[in-house]
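Colleague: I'm new to this one and would love a friendly walk through it. Could we look at it together?

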There are 2 protein chains.
Amino acid sequence: MTIFEKQKKRALEKLRIGGADEEIVGIIEKINSFEGFFTTSSCSGRIVLISIPEIGAKRAAKFIGKWHRPPVSREEVQEAIKLKGREGITEEREIWLLSQSPILHVACRDLEKAKALLRIAIESGFKYSGIKAISKDGKVVVEIVSTERMDVPLGKDGVMFCSEGYMDFILSKANFMLERGKGKLKRFYSGLEELE
Amino acid sequence: MTIFEKQKKRALEKLRIGGADEEIVGIIEKINSFEGFFTTSSCSGRIVLISIPEIGAKRAAKFIGKWHRPPVSREEVQEAIKLKGREGITEEREIWLLSQSPILHVACRDLEKAKALLRIAIESGFKYSGIKAISKDGKVVVEIVSTERMDVPLGKDGVMFCSEGYMDFILSKANFMLERGKGKLKRFYSGLEELE
């Protein structure tokens, strides 16, 4: 067994896709069915609500809401913000609403495999994809990610700065992006036929 | 002259850094002073105001404001939105305020060079950096980019959805990100000493 095969075996043992969306489950299974590839992490795209002490201090971010399926309603978001208070999270933080692209990390046996995968990803609309790391043993990690993204600060220290009308507008955009990400995943799944 | 050297010569002939920020000028000059590297594009980070017909339709985006230096004031943004009308841009579009990380594209002679540059970029805080392309001749393009980012829809069809207080809040965040990006550029510049 090569080092790559051992790593793949371990990755597949740890893989849990029970709760994942069908769009991404199909992709994970397909990629892992090819000898030269295995997935290491994935998300089918989501809208999240986070509470942070300061920009960039992501390690200190607390998720107060996560949604993988559109449409997400204003009521759901408001409810999550209210619940946060009850869970004892102090109010002296900022609340941001983020719309995040689908994301996949795929380990590829070599650079040729990585380039083939990258081409399919970019052609499917995942234009921010790229190679994130190359190991000494030649393994290449490709990150597959798209341009749909929104990062909106909603409020600070318990005070929401945006009106309900504005939040409806933001959510209509976020839901649209989420939908669009799912469409790209479908195109990517079809594109994977070209791999060997 | 190798293919890489020819490409570098052409890139340097096209290079115009007259109007660029000092942080990025120093970096461009330093990178180009190394044999195995040349820069192909760069931006020191900015706050932009764009008008778009639909999310993702970036080709159709029109810039109605661009600022490379913090602090950007609410008055400047409001003035840019007003001017837009006079320039005959139809109102049936969305207006977004974006805070964009510094970005650099660097052509590297080979994979080893690319990996060395990537490591320095990531250690300087440009955590979203990665390899974007590998040519048949072995040249590798590295994209250097950081996580600071904000994408906020402000309004649609001529109606601004956000209040002045909210815009002040958004701009305080955007200015903070811009400042932070400049700091990372300084760290990156120092890190470049390690290249050969």
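Modeller: Gladly! Let's begin at one pair of residues: Gly130(A) stands opposite Glu143(A) in strand 7 of chain A. Please keep in mind that this is a predicted model.

Colleague: How many bridges join strand 6 of chain A to strand 7 of chain A?

Modeller: The pair of Gly130(A) and Glu143(A) is a good place to start. Strand 6 of chain A and strand 7 of chain A run antiparallel. In their hairpin, which has five residues between the strands, Gly138(A) takes a positive phi near 95°. The bridges that join strand 6 of chain A to strand 7 of chain A number four.

Colleague: In chain B, which residue is the bridge partner of Gly130(B) in strand 7?

Modeller: In chain B, four bridges join strand 6 to strand 7, and the two strands run antiparallel. Their hairpin has five residues between the strands, with Gly138(B) at a positive phi near 100°. The partner of Gly130(B) in strand 7 of chain B is Glu143(B).

Colleague: How many residues of strand 7 of chain B are buried?

Modeller: Strand 7 of chain B also pairs with strand 5 of chain B, running antiparallel to it through six bridges. One of the pairings is that of Cys108(B) with Val140(B). Strand 7 of chain B, residues 140–145, is mostly covered, and of its six residues the number buried is five.

Colleague: And Ala133(B): is it buried or partly exposed?

Modeller: Ala133(B) sits in strand 6 of chain B, residues 130–134. A residue needs 20 or more C-beta neighbours within 10 Å to be buried. Ala133(B) has 17 inside 10 Å, so it counts as partly exposed.

Colleague: Let's go to helix 4 of chain A. Around what arc do its buried residues lie?

Modeller: The buried residues of helix 4 of chain A are Lys113(A), Ala114(A), Leu117(A), Leu118(A) and Ala121(A). They lie on the same side of the helix, because the arc they cover around the axis is only 130°.

Colleague: What covers those residues, and which helix is included?

Modeller: The cover over the buried residues of helix 4 of chain A includes strand 1, strand 5, strand 6 and strand 7 of chain A. The helix included in that cover is helix 5 of chain A.

Colleague: How far apart are the end C-alpha atoms of helix 4 of chain A?

Modeller: Helix 4 of chain A has 13 residues, and at 1.5 Å a residue they should span 18 Å. Just after the helix, Gly125(A) takes a positive phi of about 110°. The expected span agrees with the model, where the end C-alpha atoms are 18 Å apart.

Colleague: Now to where the chains meet. Which element of chain A gives the largest share of the side that touches chain B?

Modeller: The contact takes 28 residues from chain A and 28 residues from chain B. Helix 4, strand 6, strand 8 and helix 5 of chain A each supply at least two residues of the side of chain A that touches chain B. By class, that side has 14 nonpolar, five polar and nine charged residues. The largest share, eight residues, comes from helix 5 of chain A.

Colleague: Last one: what kind of axis relates the two copies?

Modeller: A turn of 180° with a shift of 0.0 Å along the axis lays chain A on chain B with an RMSD of 0.0 Å. The two copies are therefore related as by a two-fold rotation axis.

Key: Residues numbered from 1 in each chain as written. Chains lettered and ligands numbered in written order. Predicted model: local features only at pLDDT ≥ 70, side-chain atom pairs only at ≥ 80, totals over all residues. Contact = placed C-beta atoms within 7 Å. Nonpolar A, V, L, I, M, F, W, Y, C, P; charged D, E, K, R; others polar. Least-squares fit on C-alpha atoms with pLDDT ≥ 70 in both. Expected span 1.5 Å × (residues − 1). Buried ≥ 20, exposed ≤ 12 C-beta atoms within 10 Å, placed from the backbone. Arc of directions from axis to C-beta. Pairing = 2+ DSSP bridges.
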